[in-house]
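Me: Could you take a close look at one part of this protein with me, the surroundings of the ligand? I'd like to follow it outward from there.

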Amino acid sequence: MRQRMTQSDPTRTVPRRGRAAMARMMTGLPILYSFRRCPYAMRARMALLASGVSYEHREVLLRDKPAAMLAASPKGTVPVFVLADGSVIDESIDIMRWALEQSDPENWMARADAALVADYDGAFKHHLDRYKYWGRYGVNPVEHRAAGLAMLAELDARIADQAYLGGATRGFSDVAIFPFVRQFAGVDPPWFEAHAPQRLRGWLGALIASELFERAMVRLAPWAPGGG
Ligand SMILES: N[C@@H](CCC(=O)N[C@@H](CS)C(=O)NCC(=O)O)C(=O)O
């Protein structure tokens, strides 16, 4: 490998599958396969941006996933993060952790409640999906909306005396959870406005209005191999 890299035209001698990996080794930038509207990808992007780690963003169409992404992670979900050494992280929470291990300037990990995040990834997401896509599940959305709202009341209690879940400033838990609350709010905004606790709505609004979220929601054309 080392010898090949010193040759004048590596593309002639390196097997096809090896070329992308070699380019990666040369640029050194990790790659994030991402989808703008995916809440899991949102939180991964926000942690990467907060950490300041450089990476190559590859926007993906979920109906037309790049072969390179599927080769890295056959389970086919975004986000997928491919490190320069070829290792792959394909769970959003793990991408967040990895980013913040590199650098955590806002000290997010000091405000990480793993049990709470797991509860939102589990029970809340369960209710969110059934509220939003009730037809697909053949369920009564109102029941799942009520169950989600009950969870949000608990979340609201956590911010009774502080602006964010872990204290005065945003942390890991806030960023890991709010994209799902945003989706919940977006199913029926007038209903959410009328029924969700006011403080909780303020918490959500602040995270949505943040510059970090704005940066994470930048619109990019889908990535195509060879297209840059
Ligand atoms: N546990 C995964 C879940 C990721 C996930 O489910 N992403 C969705 C999009 S929001 C996806 O890629 N679904 C596959 C598809 O729609 O084809 C994570 O946290 O990264």
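Which helices each supply at least two residues of the shell around the ligand?

Reply: Happy to. This is a predicted model, where local features need pLDDT of at least 70 and side-chain atom pairs count only at pLDDT 80 or more, while totals for chains, interfaces and linings use all residues. Residues are numbered from 1 along each chain as its sequence is written.

The helices you ask about are helix 4 (39-51) and helix 6 (92-102). Helices here are DSSP runs of H or I with at least four residues, and strands are runs of E with at least two, numbered from the N terminus. The shell takes in Phe35, Cys38, Pro39, Tyr40, Leu62, Gly76, Thr77, Val78, Pro79, Glu91, Ser92 and Ile93; a residue counts as near the ligand if its C-beta atom, placed from the backbone, lies within 6 Å of it. Eight of the shell residues are nonpolar, three polar and one charged (Ala, Val, Leu, Ile, Met, Phe, Trp, Tyr, Cys and Pro count as nonpolar, Asp, Glu, Lys and Arg as charged, and the others, Gly among them, as polar).

Two shell neighbours deserve a pause: the peptide bond from Val78 to Pro79 is cis, with omega near 0°. Pro79 sits in the loop between helix 5 (67-72) and strand 3.

Now follow helix 4 away from the ligand. It packs with helix 10 (residues 172-187) at an angle of about 145°, with the axes 9 Å apart; axes are lines fitted to C-alpha atoms over the stretch in contact, and angles run from 0 to 180 degrees between N-to-C directions. Pro39, Met42, Arg43, Met46 and Ala47 of helix 4 meet Val175, Ala176, Pro179, Phe180 and Gln183 of helix 10, contact meaning C-beta atoms, placed from the backbone, within 7 Å. Pro39 thus appears both here and in the ligand shell. The contact residues divide into eight nonpolar, one polar and one charged.

Both helices also feed the largest nonpolar core, in which Ala44, Ala47, Met96 and Val181 touch the most other members of its 48 residues. Such a core is a set of buried Ala, Val, Leu, Ile, Met, Phe, Trp, Tyr and Cys residues joined through C-beta atoms within 7 Å, with buried meaning 20 or more other C-beta atoms within 10 Å of a residue's own. Helix 4 and helix 6 are among the elements supplying at least two residues each, and helix 10 gives the most, with nine. In general, nonpolar side chains tend to be buried together in soluble globular proteins.

How values were computed. Two residues are in contact if their C-beta atoms, placed from the backbone, lie within 7 Å. A residue is buried if 20 or more other C-beta atoms lie within 10 Å of its own, exposed if 12 or fewer, and partly exposed in between; C-beta atoms are placed from the backbone.
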